[in-house]
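Q: Please give a close look at the salt bridges here: which side chains pair up, where they sit, and how buried or exposed they are. A short word on the packing around them would also help.

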Amino acid sequence: MKTTVIAIVLVYLVAIVAIIMLTGRKVKTYYDFALGGGSIPWWVVTGTMFASTVGGATMIGYVGSYKTIGLQWAWVPFVSFFLGSLVIGFLLAGRLKKLNQYTTADIFKLRYGKGSRIIAAALNCLGEMAVVASMMASFATMANGYLGIDYMTCMIIAIVIFFVTAAAGGLKGVAYTDTLQGLVIFITVFIVAIISMGRLGENGGFAAIEPHLLNPFASNSPWMNMLGTIVSGGLMGAVMQSLFIQRINACSSAAEAKKAAIANAILCGVFMVGFISVIGLSASTYLPAEVAGNNVITEILATMPDILAAFYTAAILAAVLTTANSLLLSCSMTFVRDFVGGIKELNDKQSLVLSRAFILAIDLLAFVVIQYMDGVLSWILITYTILATLFVPMYGGLLFKQMTPASGVLGLALGGGIAVVWEVLKMFSLLPASLAAIHSIFPGIVLGIVGLLLGTLSKNKSTPEQLRVVDCFRKNLPYEE
């Protein structure tokens with residue numbers, strides 16, 4: 001099996017790099033690099049949004065969650081990624097596209113000014129950098145475990161391919177290869193789900209599954225944690241730069257952006273609530289109870305035909321790669337536009353060189369972090385929550401004229417700050433058990449709202465230009481600077 005898997009994965013990775021290099025020849029300007037020239041078809045944007053959303057956590061962790069938690073876990077993807085993405089598609093995608101901003105921090109600058117832009121950029125960049133390190137560790141661990149290749153060799157492969165796929169072709173290269181990878185992921189998991197459904201029938205059908213696993217209202221996992229995961233996932237999806245803001249701005253129009261976001265919601269719903277749940281629930285009828293977590297998919301693949309296991313392995317690595325290259329590209333855009341661009345004006349050549357250099361720097365930094373921080377994987381949950389806390393100040397400012405520049409700064413600082421402090425205190429068991437049971441997104445939302453309201457007391461009110469942003473967003477009108 002190892003030879004088959006290695007051959008399929010290598011051919012797959014070479015094909016991805018070749019497509020990226022070919023696409024990269026058409027990148028002439030920074031606008032081409034960062035947003036694909038703003039002309040990527042909606043179906044390609046859907047493909048890259050889907051591939052970036054469905055990371056290794058879905059294809060590995062969600063399978064294990066469905067086996068042990070059952071349909072209670074379905075609330076997470078159903079609310080966060082299906083219903084949440086539908087709301088984003090119908091209500092937010094077109095409006096944000098019409099604001100014509102590259103990054104999440106750009107939107108904060110437009111509404112609140114430079115101070116909030118720096119804080120938003122820092123939170124976004126630090127969060128995405130942490131997730132890149134997590135993706136690199138996941139890529140190397142899975143390639144080592146599934147392919148039997150030396151771990152450090154896998155790490156070097158990850159460094160090279162992450163850099164090439166993000167830096168060579170820009171967003172257009174990432175988008176088209178993501179769409180291809182999304183297709184591979186969708187078809188492969190669909191086939192595994194069909195086989196799993198057949199096995200379920202052979203083992204007695206749904207009657208063979210423990211009743212508590214088929215009850216979506218069961219308490220197989222603490223509901224407070226579940227609710228926190230659902231809320232943070234949904235809010236993060238509405239503000240995350242690499243997954244949403246950058247993608248919709250790559251579309252040619254607001255209508256195309258809306259269409260892409262809605263199609264992504266449907267794909268994610270079918271994939272996460274449908275295919276993955278069948279695989280996990282079926283496994284509960286033939287795998288021992290002690291097999292849990294990430295080990296579930298490993299045991300499932302061991303029972304699958306070699307060729308199918310090989311493609312699922314390739315699909316897992318593809319899912320990790322699509323998330324990583326999207327984050328690297330997004331992070332570089334934040335650095336160039338919101339940090340360097342806030343100090344001096346850059347031309348196209350300077351922006352392109354700096355973006356690619358920063359991608360390489362983050363790529364190498366992620367490698368170093370992995371060597372010295374064993375807990376980097378646990379920080380991914382904290383960074384996702386921190387990113388979700390951007391929701392309150394961002395949309396509070398876009399909807400309400402009463403918010404001042406101070407509202408943006410305080411909303412970001414208090415909301416994001418309490419989320420970090422809360423998670424650190426939990427990590428070191430410094431919170432009482434009753435408080436530790438509360439997901440950090442809830443105090444983050446509360447303090448974010450408090451920050452917004454305190455900011456309204458500031459004597460430094462919003463400028464007419466900042467208030468015009470609110471009018472454009474609420475009335476769904478194009479904004480021109």
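The reply takes the charged pairs one at a time and then turns to the nonpolar packing.

A: This is a predicted model, in which local features need pLDDT of at least 70 and side-chain atom pairs count only at pLDDT 80 or more, while totals for chains, interfaces and linings use all residues. Residues are numbered from 1 along each chain as its sequence is written, and side-chain values use heavy atoms, with hydrogens and water left out.

The structure holds seven salt bridges, a salt bridge being a side-chain nitrogen of Lys or Arg within 4 Å of a carboxyl oxygen of Asp or Glu. One of them joins Lys259 and Glu256, with an N to O distance of 3.7 Å. These two residues lie three places apart in helix H13 (residues 254–283), so about one helical turn separates them. Helices (H or I, at least four residues) are DSSP runs, numbered from the N terminus. In general, an α-helix has 3.6 residues a turn, so residues three or four places apart point the same way. Lys259 is partly exposed, at 39% relative accessibility, whereas Glu256 is buried at 19%. Here buried means under 20% relative accessible area, exposed over 50%, and partly exposed in between, with a 1.4 Å probe and protein chains only.

A second arrangement is the pair of Asp471 and Lys401, whose closest N and O atoms are 2.9 Å apart. This bridge links distant parts of the chain: Asp471 belongs to helix H22 (residues 464–474), while Lys401 is in the loop between helix H18 (391–399) and H19, and the two are 70 residues apart. Both ends are partly exposed, Asp471 with a relative accessible area of 23% and Lys401 with 34%.

Helix H22 also contains Glu465 and Arg468, three residues apart and so about one helical turn from each other. Their side chains form a salt bridge at 2.6 Å, N to O. Glu465 counts as partly exposed at 36% relative accessibility, and Arg468 is likewise partly exposed at 30%. Elsewhere, salt bridges with shared partners connect Asp106, Arg117, Arg337 and Asp338 into one network.

As for nonpolar packing, the largest nonpolar core has 147 residues, and those touching the most other members are Met59, Leu96, Phe162, Phe244, Phe271, Tyr312 and Tyr395. Such a core is a set of buried Ala, Val, Leu, Ile, Met, Phe, Trp, Tyr and Cys residues joined through side-chain atoms within 4.5 Å. Helix H15 (residues 306–340) supplies the largest share of this core, 20 residues. Beyond its neighbours within four places in sequence, Met59 is in contact with several residues, including Phe271, Tyr312, Ala315, Ile316 and Ala319; contact means heavy atoms within 4.5 Å.

A polar residue, Asn325, is also placed in helix H15. Asn325 is buried, with 0% relative accessibility. Residues up to four places away in sequence aside, Asn325 touches Thr165, Ala166, Val174 and Asp178.
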